[in-house]
Amino acid sequence: MIPVFDYLRGHARIREEVETAIGRVLASGKLILGPEGEALEAEFARYVGVDFAVGVGSGTDALVVALRALGIGPGDEAITVGHTAAATVQAIGEVGAAPRLVDVDDRSLLIDPQHAAAAIGPRTRAIVPVHLYGHPAAMPAILALASRHGLAVVEDCAQAHGARIARRHVGSFGTIGCFSFYPTKNLGAYGDGGMCVTDDPMLAERMRRLRFHGFDAARVAQLAGINSRLDEVQAAVLRVKLRHLDGWLAARRAHARHYLEELEGAPLRLPPTAAGTEPAWHLFVVRLEQRARIIESLTRAGIGCAVHYPQPVHRMPAYDRLGCGPGSLPVTERAAREVLSLPMFPELEPGEVEAVCRALRGALDPI
Ligand SMILES: *Cc1c(COP(=O)(O)O)cnc(C)c1O
């Protein structure tokens, strides 16, 4: 059996470090908003190359806190893509703003800056590009567009810890960058967690208040906030894992190169890498027809795979009032039928990558 993702393989290699860190927290008498969280914020900010980081309870909450800190709410619109996790769209709705969904680029499956430009209207306040699968979105074009129209840029980096454009980390380009530490992500906690990053000290302070009931240092609510804190146990685990992140990213990149070599010339579409970018390879996603048959065949061969995402957000019942009917985002809808995520995690063995590719080639060409 080759799983699509396996946290236990990673855990086996860092178990002692993690257990020591958790033990330290349990013995410290401080479980929420303490030294581990503060240290992680400083270390993560340094890693991404920004001045401030604010830990929150999840990646979804990171987006909510970021949008709230920017003052985005009822009457405002934020532009994002339909080809993403539902959380991106949910967060925009959660602050009371209207999500304005645009189609993705057919090659990259990332936000198409031209579609984003066409969607800008008098109520638009922000663009929320998603670095899906760990591939950096076209930030230079998005930033130019945002500055031309006076819009904030909130980067959804939930799948892209460690992805870079011209050696600069995603999350450091926009007004605020939002990360998730959901266990399957490139930097995963042993539970839920998230982080907002920014270079703006005022926004950092607002986000620090918003995550904790809007409290100032005297615990007086200056804003109507929420309760979304990154706890000390998760922060301690993440500090251990952050030290390994670059090694794990190197392993992911090696697996991606291996997949690209092994699958060259196969009748499918391979993920492209834009010039000057270093993807974080959160997922290795191919595109093919007759996906159901291929999945069945891989499953029979003991190979795990997944679909991110089978149903575009604008086709989900909760979001069918966003004004995007069937066929309105054609590239997104086609991608939803074609994408297939192959096993991808640092501890994958080269022999396993080869076995996946053999089985996939066999399934694609059954003669
Ligand atoms: C995982 C994910 C989120 C949400 O993160 P959570 O920590 O699960 O709340 C948001 N956007 C994208 C693109 C994601 O993959």
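Q: What makes strand β6 and β7 a pair?
A: Strand β6 (residues 164-165) is joined to β7 by two bridges, and the two run antiparallel. Two strands pair if DSSP finds at least two bridges between them, so β6 and β7 meet the condition. One of these partnerships links Ile165 with Arg168 in β7. The model is a predicted one, in which local features need pLDDT of at least 70 and side-chain atom pairs count only at pLDDT 80 or more, while totals for chains, interfaces and linings use all residues. Residues are numbered from 1 along each chain as its sequence is written, and side-chain values use heavy atoms, with hydrogens and water left out.

Q: Why are β7 and β10 said to stand at the edges?
A: The open sheet has three strands in the order β7-β6-β10, with antiparallel pairing. β7 (168-169) and β10 (277-278) each have a single partner strand, so one side of each is left without a neighbour in the sheet. Each counts as a strand because it is a DSSP run of E of at least two residues, whereas a helix is a run of H or I of at least four, and both are numbered from the N terminus.

Q: How do you know that β1 and β9 pair?
A: β1 and strand β9 (residues 194-198) share five bridges in the antiparallel sense, and Ala53 has Val197 as its bridge partner in β9. They belong to an open sheet of seven strands, β1-β9-β8-β5-β4-β2-β3, whose pairing is mixed. Because β1 (52-56) and β3 (98-102) each have a single partner strand, they stand at the edges of that sheet.

Q: How do you know that Asp156 makes a polar contact with the ligand?
A: A polar side-chain atom of Asp156 lies 2.7 Å from a nitrogen atom of the ligand. A polar contact is a pair of N or O atoms within 3.5 Å, so this pair qualifies. A polar side-chain atom of Lys185 also qualifies, being 2.9 Å from an oxygen atom of the ligand, as does a polar backbone atom of Gly59, 2.7 Å from a ligand oxygen. Taken alone, the ligand exposes 370 Å², of which the protein buries 90%, with areas computed by the Shrake-Rupley method with a 1.4 Å probe.

Q: Which elements give two or more residues to the shell around the ligand?
A: They are α3 (59-69) and α4 (86-94).

How values were computed:
A polar contact is a pair of N or O atoms within 3.5 Å; within protein, one must be able to donate a hydrogen and the other to accept it, and residues adjacent in sequence count only if both atoms are side-chain atoms.
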